[in-house]
Amino acid sequence: MTILYRYVTKEILIYFFIVLAAVLSIYVAVDFIEKIDNFMEAGVSADRCVVYLMYKLPFIFVQIAPVGFLLSILVALGLMSKNNEVIALKSCGIGKSRLLKPTLVLGVIFGGLLFVVAEMLAPVFMVHANQIWLQEVKKKNIFASRTNDIWMRATRQIIHIKQYAPEKKRVSGLTIHTFDKNFRLIDRVDAQSGEFKNGRWQLTDVVKQGFDENIGSHQLTSLDTMAVDLDLNPDDLAQAAKRSDEMGLAELGHYIEKVEREGYGAVRYRVDYHGKIAAPFVCLFLSLLGTGIALRGKLREGMPVSITYGLGIAFLYWIFNSFCISLGYAEMMPPVIAAWVANLVFFSGAGFLILNAY
């Protein structure tokens, strides 16, 4: 490893850890202020709130690390440009490929690190965080099984949901078992689907079964629609149902197969599946993009301009990528294209900047 290689790598890593520590601290502080009231009202100690926030850290890291990586490149190379170090390197015959190499290597390393954290740490830790929020703070006896079915125990009821779509507040494959005080089954309701409207669950394609062991009767009734009151709101379901970012790539793939095998739509999950594959490559094109901007001499004003450029690029990428993902969710764009098109567009822009750097 050459002196230049070590110098550039060291500078980028220093600024990356500074940015990461600053953003994580701000996020944790804001989230703590938001959530502490809920914990205190539920009679849960502040220590559990801190544990809850610590469980969320891997997920937060996955979200902000790419932006921190871009900012660290822009700041490090921007300060080198401001101090005329880049001009000195050019005068010594050192080309842009020599400066590009350490940033590309770091991009590959950070991409691999993000993939590992997103696959192995974030899903497990988020499950624990959601359990604390639902069971200790919200006092809801609700959880998702390994197959991602949702189970809830309420007063004399056990509720089973096969699938929940948070964006539509819609459940599919709902079963409600009702018991008497001796825990004997007296009623069972099966519904093909249900939506939360006006504070109640509106079920469709309902089959209701009534049981009376005293006289040995069994009544079966079919209904097109049925309104029920359940101690179960969409926010609680959204917390309990495993989202794509709480599942690893393999687990999400198995879940997609399960959902489609049972006859439900899985377009949203397919988009998220390809998005998980595309996400680590963000660091690769960000390394090219940051180096290209710095080498074009646009950051001679120093750190404030570097941060502005970085946040602007991150915002544009987030808006464009979210728009493409939304088109994928709406089935207006194939899942693979929806997940990758933002990466390809920004990678092309990064390549153009590098080729025209100097």
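Buried residues (under 20% relative accessible area, with exposed meaning over 50% and partly exposed in between, 1.4 Å probe, protein chains only) account for 47% of the 358 residues in the protein chain. The model is predicted, so local features need pLDDT of at least 70 and side-chain atom pairs count only at pLDDT 80 or more, whereas totals for chains, interfaces and linings use all residues. Residues are numbered from 1 along each chain as its sequence is written, and side-chain values use heavy atoms, with hydrogens and water left out.

**Exercise 1.** State how many helices and strands the protein chain has, and what share of its contacts joins residues at least 24 apart.

Solution. Step 1: helices (H or I, at least four residues) and strands (E, at least two) are DSSP runs, numbered from the N terminus. The protein chain has 10 helices and seven strands. Step 2: contact means heavy atoms within 4.5 Å. Taking contacts between residues at least 6 apart in sequence, 62% join residues at least 24 apart.

**Exercise 2.** Identify the residues that touch the most other members of the largest nonpolar core, and the helices that supply it.

Solution. Step 1: a nonpolar core is a set of buried Ala, Val, Leu, Ile, Met, Phe, Trp, Tyr and Cys residues joined through side-chain atoms within 4.5 Å. Step 2: the largest such core has 27 residues, and Val 8, Ile 12, Phe 16, Phe 61 and Phe 69 touch the most other members. Step 3: at least two residues of this core come from each of helix 1 (3-41), helix 2, helix 4 and helix 8 (282-295). Helix 2 gives the largest share, 12 residues. Step 4: a second, separate core has 19 residues, including Ile 159, Tyr 164, Leu 230 and Leu 232. Step 5: not counting residues up to four places away in sequence, Phe 61 touches Phe 16, Leu 20, Leu 113, Leu 114 and Val 117.

**Exercise 3.** Describe the surroundings of Tyr 52.

Solution. Step 1: Tyr 52 belongs to helix 2 (residues 46-82). Step 2: with a relative accessible area of 4%, Tyr 52 is buried. Step 3: leaving out residues up to four places away in sequence, Tyr 52 touches Lys 35, Phe 39, Ala 129, Ile 132 and Trp 133. Step 4: Tyr 52 and Trp 133 are 81 residues apart in sequence, yet their C-alpha atoms are 7.7 Å apart in space.

**Exercise 4.** Count the disulfides, and decide whether Cys 49 and Cys 283 are buried or exposed.

Solution. Step 1: a disulfide is a pair of cysteine sulfur atoms within 2.5 Å. By this rule there are zero disulfides. Step 2: Cys 49 is buried because its relative accessibility is 0%. Step 3: Cys 283 is also buried, at a relative accessible area of 1%.

**Exercise 5.** Compare the backbone phi values and positions of Asp 205 and Glu 331.

Solution. Step 1: Asp 205 is not a glycine but has a positive phi of about 55°. Asp 205 is in strand 6 (residues 200-212). Step 2: Glu 331, also not a glycine, has a positive phi of about 65°. Glu 331 sits in the loop between helix 9 (303-329) and helix 10 (335-355). Step 3: the relative accessible area of Glu 331 is 60%, so Glu 331 is exposed.

**Exercise 6.** Classify Thr 9 as buried or exposed and list its contacts.

Solution. Step 1: Thr 9 lies in helix 1. Step 2: Thr 9 is buried because its relative accessibility is 13%. Step 3: apart from neighbours within four places in sequence, Thr 9 is in contact with Pro 102 and Leu 106.
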